[in-house]
Amino acid sequence: MEIKDFIEKFAEQFEDTEVSVFKENTEFKTLDEWTSLMALSIIAMIDEEYDVRIKGNDIKSAVTIKDLFEIVKANK
């Protein structure tokens, strides 16, 4: 499991945000396109792509994309 691949899959969930915005240290909840529906989309992507089930609290506790990646990696 690579952070680069995770960032690419994360970015694919967003329609209107430039791909170049997505980096390890991106604070994803500050993006204009971030909504509770987007959070559900990310949770579904993680379940489908990594076979890891995360919860809303995992999203709440993560600040950056790397934080979320580390949570997924720890539950793999």
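The questions and answers below look at a predicted model.

Visitor: Which helix gives the largest share of the largest nonpolar core?

Guide: The largest nonpolar core has 26 residues, and those with the most contacts inside it are Phe10 and Leu68. Two or more residues come from each of helix H1 (3–12), helix H2 (36–50) and helix H4 (65–74). The largest share, 7 residues, is given by H2.

Visitor: Which residues does Phe10 touch, leaving aside residues up to four places away in sequence?

Guide: Phe10 is, with Leu68, one of the residues with the most contacts inside the largest nonpolar core. Not counting residues up to four places away in sequence, the residues that Phe10 touches are Phe22, Phe28, Trp34, Ile42, Met45, Ile65 and Leu68.

Visitor: Is Thr26 buried or exposed?

Guide: Thr26 belongs to the loop between H1 and H2, where, with residues up to four places away in sequence not counted, Thr26 touches Val21, Leu31, Val63, Thr64 and Ile65. Its relative accessible area is 9%, and because the cut-off for this class is under 20%, Thr26 counts as buried.

Visitor: What does the side chain of Thr26 reach at 2.7 Å?

Guide: Thr26 lies in the loop between H1 and H2. At 2.7 Å, the side chain of Thr26 reaches the backbone nitrogen of Lys23.

Visitor: Is Asp51 buried or exposed?

Guide: Asp51 is placed in the loop between H2 and helix H3 (56–61), and the phi of Asp51 is near 55°, a positive value in a residue other than glycine. Since the relative accessibility of Asp51 is 64% and the cut-off is over 50%, Asp51 counts as exposed.

Technical notes:
Residues are numbered from 1 along each chain as its sequence is written. This is a predicted model: local features need pLDDT of at least 70, side-chain atom pairs count only at pLDDT 80 or more; totals for chains, interfaces and linings use all residues. Side-chain values use heavy atoms; hydrogens and water are left out. A nonpolar core is a set of buried Ala, Val, Leu, Ile, Met, Phe, Trp, Tyr and Cys residues joined through side-chain atoms within 4.5 Å. Buried means under 20% relative accessible area, exposed over 50%, partly exposed in between (1.4 Å probe, protein chains only). Helices (H or I, at least four residues) and strands (E, at least two) are DSSP runs, numbered from the N terminus. Contact means heavy atoms within 4.5 Å. A polar contact is a pair of N or O atoms within 3.5 Å; within protein, one must be able to donate a hydrogen and the other to accept it, and residues adjacent in sequence count only if both atoms are side-chain atoms.
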